[in-house]
Amino acid sequence: MNRPLLLPLAACTQPSLVGGKALGLARLLAGGFPVPAGLCITTEAYEHALRTPGFSPTKEWQAALHSSGAERQGILSRCHTIIRDYTINELTAQIIEQIRLLDLPLSGLWAVRSSATNEDGARASFAGVYRTRLGVSLEEMGSAVKDLWLSIWDERVLNYHATSGLNEVPPAMAVVIQPLLEASAAGVAYSVHPLTGRATQVMVNAVAGLGSALVDGSATPDQYVVEMAENDQPIRVNQRTIARQPQALRVTGQGLCEVPLPDEAVGR
C-alpha cells in the first residue's frame, strides 16, 4: 500500500506517518477546536529524501548515538549532505497544489513546524529541540522543509534521545504547514505541572506576539498556575508572575520583527 507524501491535517491519524504534533492537531480538529487549516508532509517524504544507495538511516543513527566528537560530527555531516542535495522541487509543487485544494491563500506567510515520530510522546516531549520556521513564503518552502529534516541529525537531538531512555530506532520527521497567524499573544499550557508533577495544576507560560521567543528561550514569559477541580474545570489562578516583556515578535510588512510594546501594554 502506497503511503502518501502529503495529508490534510484532519486526516493525520497514523503516528508513524505524521508524527506527534500533526496527530495532536488532528485530534483537536476532531474535537471541534479552532485549529487553522493546514497540511502535513509525511515521514514518507522524509524517507524518500534519504533513499541513497548504501545509506541506512538506522545504522547511521545508531553509529551516531554510540560515537562522539569528530566521529559523530562526520556521521551527522554525511546525513546533512544527503538531505541538502535532495531535489525538492517536485514535492514543493505538490505542497502548493495541496494548499490550493484546501482553499488557502497562496500569498501569505506560513508556519513550518516539526512533527517528528518521537515528539510529544508519553516519555519525552522534545519541546524546542527540533526546528520551527515562521514567516515562510512559498518560495522559501522547500528550503524550510529541508531545514526541519536536517534538525533530526543534530547533536542536541541525539543527546536528548539518549538521556530520555528511548530505544535506538531513529525518529523520522513529518512537517506541519499552516498559515501564520498574527498572534497578539502566544504560549504553552502544561496539563500536568512540570515541576510539581500535580495533575490538579495547569501551568501556562505566555508572551506577547508570536511564541517562538518563548520556545527558544530568548523571552522570559508570564507564568500562571491554574488550580483544577476533579471534574477538570478551572477553579482559580493561584499563581501569577508577570515578566513585563518590553517587546514582541510580530508579523510586519518587512517580515517577522521584534516590535517595542507601548508603555500601557508592558505588564498587561
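## Overall fold

The protein chain has eight helices and 11 strands. The model is predicted. Along the principal axes, the C-alpha atoms fill a box of roughly 60 × 45 × 35 Å.

The radius of gyration is 20 Å. A compact globule of 268 residues would come near 18 Å, so the chain agrees with that expectation. Of the 268 residues, 43% count as buried. Contacts in the chain with a separation of 6 or more were also sorted by distance in sequence: 63% of them join residues 24 or more positions apart.

## The second largest pocket

The second largest pocket holds about 260 Å³ of space. Its lining comprises 15 residues, and the closest to the pocket centre are A208, D222, L261, A265 and R268.

Two strands, β7 (201-208) and β8 (222-228), each give at least two residues to this lining. β7 makes the largest contribution, with three residues. By class, the lining of the second largest pocket has nine nonpolar residues, four charged and two polar.

## N118 in a loop

N118 sits in the loop between β3 (110-116) and β4 (132-136). Is N118 buried or exposed? Its relative accessible area is 13%, and the cut-off for buried is under 20%, so N118 is buried.

The side chain of N118 also has a partner. A polar contact of 2.8 Å joins it to the side chain of Y130.

Terms used
Residues numbered from 1 in each chain as written. Predicted model: local features only at pLDDT ≥ 70, side-chain atom pairs only at ≥ 80, totals over all residues. Heavy atoms only, no water. 1 Å grid on protein atoms, 1.4 Å probe; cavity = no way out; pocket = protein on both sides within 12 Å on 5 of 7 lines; lining within 4 Å. Points joined across faces, edges and corners; volume = space filled by probe spheres on them. Helix = DSSP H or I, 4+ residues; strand = E, 2+ residues; numbered from the N terminus. Nonpolar A, V, L, I, M, F, W, Y, C, P; charged D, E, K, R; others polar. Buried < 20%, exposed > 50% of the residue type's maximum accessible area, 1.4 Å probe, protein only. Polar contact = N/O pair within 3.5 Å; in protein donor to acceptor, adjacent residues only side chain to side chain. Rg over C-alpha atoms; globule rule 2.2 N^0.38 Å. Contact = heavy atoms within 4.5 Å.
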